[in-house]
Each structure stands twice: as structure tokens, then as C-alpha cells.
Amino acid sequence: MQSGRNTKQKQHIVSILKNSDRPLSINEIYNKIINDLPRIAKSTIYRNIDILLDNNLIEKYYFNDSEVFYRYKENRNEHAHFIFCDECKNVYDLPFCPLRELEESIEADGFIIKEHQLQITGICRDCAQNHVN
Ligand SMILES: [Zn+2]
Ligand SMILES: [Zn+2]
């Protein structure tokens, strides 16, 4: 049955994101999921990701305009940002969201905000130290 299969795929994607300590790209999700579901198509993953986004179960992040990462949300109000290192590709947590206050003042003007993106990329401390030599 179509819907049964979709549920299984969706649960797989959720558990992959849940068990990851950093946001994952579609390719990374794909490379993990084919161990268990070798015949899954990337389009299927995209479709399930869209459903999970609609259900507010995951968050979406942009990196260098073209790369997109997804992260499982422990609860629906959870909201976080990341710093991406261009060299080692590590992902670091931003300690807080700096846009809340700005959002409140925009909403005070009657604008309804749906989401925001904040992209910070650069060179992490470990990689920066290697540059000094
Ligand atoms: Zn680095
Ligand atoms: Zn934010």
C-alpha cells in the first residue's frame, strides 16, 4: 500500500535526522537510508522532507546559497542556528537566535513572519590556528 510505504520511509528519515548530531543534506540522508531501503529514490526523500517541514518536525538551513541541510526538532518551538566551517565542514551551534527582537518589532507593524534564515559561514578556531603556520 502506497501510504504504508510512505510512512516507513518518513520514519526512516526522521530517525536518521534524530540520530545525527548535526544537520544533514539530502545527499547525506540518501547515503544513510540506502543501507536499509536500497531502492529509494532521491525524489521520494525530497517529498518526505517537504511533508516533515510542513508538519514542523524538522528545520531547514541554507549553506552557501545552494546547499540545504535539515535537522530534527526535539520540540516544535525549538529553533536554532548554526555556523558552518568552510574548511573542515564542521557545524557549530549558535548560542542563541539574534533575530527574535527584530521579529517582534516587525510583527508589531502587522507583518506576519513565517520563518527566517541566518547563514554564518567562515573558518572555525581549529582551522584558523592551522592557518597561522
Ligand atoms: Zn574548521
Ligand atoms: Zn532564528
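Is Arg22 buried, partly exposed or exposed? Arg22 is partly exposed, at a relative accessible area of 28%. Some friendly notes follow on this predicted model.

1. Let me begin with the partner of that arginine. Arg22 pairs with Glu28 in a salt bridge whose closest N and O atoms are 2.6 Å apart. Glu28 has a relative accessibility of 24% and so counts as partly exposed, since that class runs between the 20% and 50% limits. Side chains of opposite charge can pair when their charged atoms come close.

2. The structure holds two salt bridges, and the other one deserves a look too. Glu59 forms a salt bridge with Arg71, with 3.8 Å between the closest N and O atoms. This pair links distant parts of the chain, as Glu59 sits in strand 2 (residues 58-63) and Arg71 in strand 3, 12 residues apart. Glu59 counts as buried at 13% relative accessibility, and Arg71 is buried with a relative accessible area of 19%. The 3.8 Å separation falls within the 4 Å limit for a salt bridge, so you may want to view this pair with that cut-off in mind.

3. Next, the zinc ion (ligand 1). Four cysteine SG atoms coordinate this ion, from Cys85, Cys88, Cys124 and Cys127, at 2.2 to 2.3 Å. The angles among the four donor atoms run from 103 to 114°, and the site is tetrahedral. Ideal angles at a metal are 109.5 degrees for four tetrahedral donors. Along the sequence, the donor residues of this zinc ion follow the spacing C-x2-C-x35-C-x2-C. Two of the donors can be described by their cover: Cys85 is buried, with a relative accessible area of 1%, whereas Cys88 is partly exposed at 32%.

4. The zinc ion (ligand 2) has a mixed set of donors: NE2 of His79, His81 and His116, together with SG of Cys97, at 1.9 to 2.2 Å. This site is tetrahedral as well, with angles of 98 to 118° among its four donor atoms. The donors are spaced H-x1-H-x15-C-x18-H along the chain. His79 belongs to the loop between strand 3 (67-72) and strand 4 (82-85), while His116 belongs to the loop between helix 4 and strand 6 (120-122), so the pair ties together parts that are 37 residues apart in sequence. As for accessibility, His79 is partly exposed with a relative accessible area of 23%, and His116 is buried with 17%.

5. Where does Asn48 lie? Asn48 is part of helix 3 (residues 42-54). This residue is buried, with a relative accessible area of 2%. A polar atom of the Asn48 side chain lies 2.9 Å from the backbone oxygen of Thr44.

6. Finally, the surface. Which residues form a nonpolar patch there? Leu102, Ile106 and Phe111 do, and together they have about 290 Å² of accessible area. Leu102 lies in helix 4 (residues 100-108) and is partly exposed, with a relative accessible area of 48%. That value puts Leu102 over the 30% needed for a patch residue.

Note on methods: Residues numbered from 1 in each chain as written. Chains lettered and ligands numbered in written order. Predicted model: local features only at pLDDT ≥ 70, side-chain atom pairs only at ≥ 80, totals over all residues. Heavy atoms only, no water. Patch = residues over 30% accessible without salt bridge, like charges linked within 9 Å, V, L, I, M, F, W, Y side chains within 5 Å. Areas by Shrake-Rupley, 256 points an atom, 1.4 Å probe, with all protein chains shown as cover. Salt bridge = Lys/Arg side-chain N within 4 Å of Asp/Glu carboxyl O. Helix = DSSP H or I, 4+ residues; strand = E, 2+ residues; numbered from the N terminus. Buried < 20%, exposed > 50% of the residue type's maximum accessible area, 1.4 Å probe, protein only. Donors = N, O, S within 2.8 Å, 3.2 Å for Na, K, Ca; no water. Tetrahedral: all angles 85-135°; square planar, octahedral: opposite > 155°, others 65-115°. Polar contact = N/O pair within 3.5 Å; in protein donor to acceptor, adjacent residues only side chain to side chain.
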